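Here are a few exercises to work through at your own pace. Try each task yourself before you read its solution.

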Amino acid sequence: MVLNELGARINGALQALSKEPVIDDKALDALLREICGALLESDVNVRLVQQLRVNVKKRVNMEELASSTNKRKVIQNSVFDELCSLVDPGIEPWQPRKGKQNVVMFVGLQGSGKTTSCTKLASYYKRKGMKVGLVCADTFRAGAFDQLKQNASRAHIPYYGSYTEADPVQIAMDGVAQFKKDKFDLIIVDTSGRHKQEVELFAEMEQIAAAVKPDNTIFVMDGTIGQAADSQARAFKQSVDIGSIIITKMDGHAKGGGAISAVAATGSPIVFIGTGEHMHDLDKFSARPFVSKMLGMGDISGLVETVQDLQLDKNEDMMKNIAKGVFTLKDMRDQLQNIMKLGPLSKLMGMMPGMSPEMLKSMDADESTKKLRSYMCIFDSMTEGELNSDGKLFDDEKRLRRVARGSGVRMVEIQALLMQHGQFGQMVKKMGGPNGMLSKMNPAAMQQMAKNPGALNPNMLKQMGGMGGMQKMIQQMGGMSGVQDMMKQMMGGGGGGGGMGNMQEMMSQMMGGMGGMGGRR
């Protein structure tokens with residue numbers, strides 16, 4: 001992914017600054033030259049790059065900074081803030097509200113990925129508990145309705161379209177009316193792809209917008225379009241009121257900077273980024289976490305939100321076991337099942353602080369997914385009694401042999417799984433039990449953290465021993481470097497599959513406050 005390469009270059013420039021013996025105007029110019037060069041090579045509009053340079057120079061006035069000031073920190077913060085402003089127009093994006101009938105219309109160029117993005121967005125809000133419907137108002141492209149029908153059926157989302165009606169405006173009106181009658185929370189209207197030179201299709205888009213009166217119009221921008229993004233975005237903005245942007249195809253080798261420049265052209269916020277063909281390959285966008293993740297600083301708040309979607313607090317047995325300091329094979333299996341719902345492990349890895357683009361590039365996500373699936377086969381070959389145990393039953397080689405035959409794997413793979421389970425069992429013992437960190441928290445506070453991992457109120461923080469207690473908790477888990485080592489082992493296909501799952505479970509259920517802090521990095 002080229003954005004990772006951009007992040008690596010900017011990160012390298014910032015690290016080079018930290019090694020400079022003297023921070024002066026010469027060092028600042030060298031840093032800005034490298035950053036601006038990286039942005040221009042990524043197709044970011046030259047006017048925006050020049051503005052970034054001017055703004056950083058304006059904020060970092062070497063003559064005005066006191067000698068005691070940490071100049072490196074001031075420069076780094078200024079660069080980070082200006083990078084955020086490139087992709088953040090400062091407008092709060094529109095959000096659908098549950099219980100209200102929200103209508104969203106998709107517009108964009110041909111081949112930008114509108115139809116796929118429609119289904120991805122519908123699937124995203126379906127996971128949030130909304131009743132979502134799709135309307136295909138694209139009568140221009142052959143097979144458009146078949147594509148939407150196939151995608152919607154796979155994602156179990158209701159859809160509306162017609163093989164006989166040729167008027168897209170009529171289809172849009174009928175579809176929206178039908179879903180409103182059935183009390184749907186969110187209705188997504190897919191329209192024909194169009195180019196700024198196609199006057200008739202632009203007129204059709206305006207007619208559909210006038211007919212269905214959408215609450216929000218989403219402009220789908222192809223991440224591979226380059227510098228043409230600016231003029232196309234302006235043409236769409238002049239015809240319809242674009243409320244937000246989805247950038248697609250950001251998983252390939254396209255530079256992506258041109259699409260990011262479209263934010264400046266429309267003055268509309270990016271709401272999601274498409275990072276693949278699968279339904280889960282749609283990442284919610286927020287400027288500061290996006291830049292933080294690109295620079296290898298992680299996105300803890302995004303990770304916590306992803307875990308929240310799994311509704312892990314409903315697993316009461318696991319919460320009770322963790323509080324007691326017990327971690328069974330069944331607990332590990334349940335976590336792995338949850339992790340497999342989250343999509344590629346590399347996506348989660350990118351949310352961890354310290355996971356640089358170079359680390360992610362060197363890890364084999366496909367091999368890790370295969371490893372997870374083989375572990376699920378192993379668990380499926382165990383008896384209920386074995387699953388509810390701590391794994392010591394498998395000291396009996398006959399059991400190992402039986403499970404190996406049943407799951408079709410080698411005994412050494414089962415032993416690797418048991419070893420990984422044992423490591424996390426030790427971690428849970430430190431966290432739970434009568435002398436663990438969780439013993440300092442009352443049951444009500446634990447329950448509140450489980451239900452709302454994104455917030456940690458001062459009383460709960462005090463019960464955990466303040467920020468010092470929080471840091472001690474992380475140390476007991478092996479520190480952030482220890483967590484990263486486990487994850488790197490997991491991503492490389494070696495070691496156990498429980499590392500990723502258990503780490504997220506711990507973060508969501510015991511360290512929820514980090515989610516709130518991550519967003520203000």
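Axes here are lines fitted to C-alpha atoms, for helices over the stretch in contact, and angles run from 0 to 180 degrees between N-to-C directions. This is a predicted model, where local features need pLDDT of at least 70 and side-chain atom pairs count only at pLDDT 80 or more, while totals for chains, interfaces and linings use all residues. Residues are numbered from 1 along each chain as its sequence is written, and side-chain values use heavy atoms, with hydrogens and water left out.

**Exercise 1.** Work out how helix 2 and helix 3 run relative to each other.

Step 1: find the two helices, residues 25–41 for helix 2 and 46–59 for helix 3. (Helices are DSSP runs of H or I with at least four residues, strands are E runs of at least two, and both are numbered from the N terminus.)
Step 2: check the axes, which come within 10 Å and cross at roughly 160°.
Step 3: angles under 35 degrees count as roughly parallel, over 145 as roughly antiparallel, 65 to 115 as roughly perpendicular and the rest as oblique. So helix 2 is roughly antiparallel to helix 3.
Step 4: look at who touches whom, contact being heavy atoms within 4.5 Å. Helix 2 brings residues including Leu28, Leu32 and Cys36, and helix 3 brings residues including Val49, Leu52 and Val56.

**Exercise 2.** Do the same for helix 7 and helix 8.

Step 1: helix 7 covers residues 168–181 and helix 8 covers residues 199–212, with axes that come within 9 Å and cross at roughly 25°.
Step 2: the two helices are therefore roughly parallel to each other.
Step 3: list the contact, made by Pro168, Val169, Ala172, Met173 and Val176 of helix 7 with Glu204, Gln207, Ile208, Ala211 and Val212 of helix 8.

**Exercise 3.** Look just past each of two helices for unusual backbone angles, at Lys183 and Lys213.

Step 1: most residues other than glycine have a negative phi.
Step 2: Lys183 sits in the loop between helix 7 and strand 4 (186–191), and its phi is near 60°, a positive value.
Step 3: Lys213 lies in the loop between helix 8 and strand 5 (216–222), with a positive phi near 50°.
Step 4: now the surface, where buried means under 20% relative accessible area, exposed over 50% and partly exposed in between (1.4 Å probe, protein chains only). Lys183 is exposed at 63%, and Lys213 is exposed at 63% too.

**Exercise 4.** Is Thr328 buried or exposed, and what does its side chain reach?

Step 1: go to the loop between helix 13 (316–324) and helix 14 (329–341), where Thr328 sits.
Step 2: its relative accessible area is 9%, so Thr328 is buried.
Step 3: follow the side chain of Thr328 to the backbone nitrogen of Asp331, at 3.1 Å.
Step 4: for contrast, try Asn61, in the loop between helix 3 and helix 4. Asn61 has 28% relative accessibility, so it counts as partly exposed.

**Exercise 5.** Which residues of helix 11 are buried?

Step 1: take residues 287–294 and check each one; six of the eight are buried.
Step 2: the buried ones are Ala287, Pro289, Phe290, Val291, Ser292 and Met294.
Step 3: zoom out to the whole chain, where 53% of the 521 residues count as buried. The chain has 26 helices and eight strands.

Notes. A polar contact is a pair of N or O atoms within 3.5 Å; within protein, one must be able to donate a hydrogen and the other to accept it, and residues adjacent in sequence count only if both atoms are side-chain atoms.
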